[in-house]
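Visitor: Take me through one part of this model up close, please. Keep it chatty, but spell out the cut-offs.

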Amino acid sequence: MDFFELVKRRRSIRKYTEQPISRDDLSRIIEAGLYAPNAGSGQRSMLVGIHNPELVERLGKLNVAMMRRDNLIGGHVSAEQPSIIDDPTLKSGFYGAPSVVVVFAQDHFLYSIPDAFCCAENMVLAATELGIASCIVARAEETFNNEYGRQLMREWNVPDNYVPRCFVLLGYHRGEYPAVKPRRDGRTRIIE
């Protein structure tokens, strides 16, 4: 697939089948994240792939539990792919995805968040190329801000000075794949 077709094809998917992705595909997607642009070539992000649907579901429920609706701007994301913003009855912020990658980055580093989201973007593009559905989800720091989350980070040997920045959900989409949404006018400028 041509790069521009790939970028236009990628969607944030929030409806997944139970079919797991292969461990090989998960490794390839994580590798794409490792090659993301990063501040000063510091390669500070750490990626933890979770290929265990039960653990993914437990973290997804924690993710929803940490959701603060008073911070939201706007009240609608998608009719085709409803988010927890659209449907407060959803119990998992991971929408049934069978695999998730947690992106960790150094705490108190100026470019920690941009570095993490560059990793996530590379991973969702790689997933799209492989025919795997994906979605980037925030609230990672809140999801792990409890004893269970800290215990997992210790078990996974995440350095003490690292914080979770985001999640990349991975799986196969359930139902129709969403069509390209039109782009809003007036969002670009070219200055000569």
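Guide: Start with the outward side of helix α3, where E54 and A65 are exposed (over 50% relative accessible area with a 1.4 Å probe, protein chains only; buried is under 20%, partly exposed in between). Helices and strands here are DSSP runs, H or I of at least four residues and E of at least two, numbered from the N terminus. This is a predicted model, with pLDDT of at least 70 required for local features and 80 or more for side-chain atom pairs, while totals for chains, interfaces and linings use all residues. Residues count from 1 along each chain as its sequence is written, and side-chain values use heavy atoms, without hydrogens or water.

Now flip to the other side: L55, V56, L59, G60, L62 and N63 are the buried residues of α3. They share one side of the helix because their arc around the axis is only 160 degrees (taken from the directions from axis to C-beta atoms). Covering them are, among others, β1 (46-50), β2 (99-106), β3 (133-137), α5 (140-143), α6 (147-155) and β4 (162-171).

As for the helix itself, α3 takes in residues 53-65, 13 in total, and spans 18 Å from first C-alpha to last, close to the expected 18 Å (1.5 Å times one less than the residue count). At its N-terminal end sits a cap: a side-chain oxygen of N52 is 3.0 Å from the backbone nitrogen of E54.

N63 deserves a closer look. It counts as buried because its relative accessibility is 0%. A polar atom of the N63 side chain lies 3.2 Å from the backbone oxygen of A138. Beyond residues up to four places away in sequence, N63 touches G93, F94, V137, A138, R139, T143 and F167 (contact being heavy atoms within 4.5 Å).

Then there's the largest nonpolar core, with 29 residues, where L59, F104, F144, W156, F167 and L169 touch the most other members (a core joins buried Ala, Val, Leu, Ile, Met, Phe, Trp, Tyr and Cys through side-chain atoms within 4.5 Å). Two or more residues come from each of β1, α3, β2, β3, α6 and β4, and α3 contributes the most, four residues.

Finally, look at β2, one of the elements covering the helix. Seven of its eight residues are buried, so β2 is largely enclosed by the rest of the structure. It runs antiparallel to β1, joined by five bridges, with L47 opposite V103. Strand β4 is also antiparallel to β2, through eight bridges, and there V102 faces F167.

Terms used: Polar contact = N/O pair within 3.5 Å; in protein donor to acceptor, adjacent residues only side chain to side chain. Pairing = 2+ DSSP bridges.
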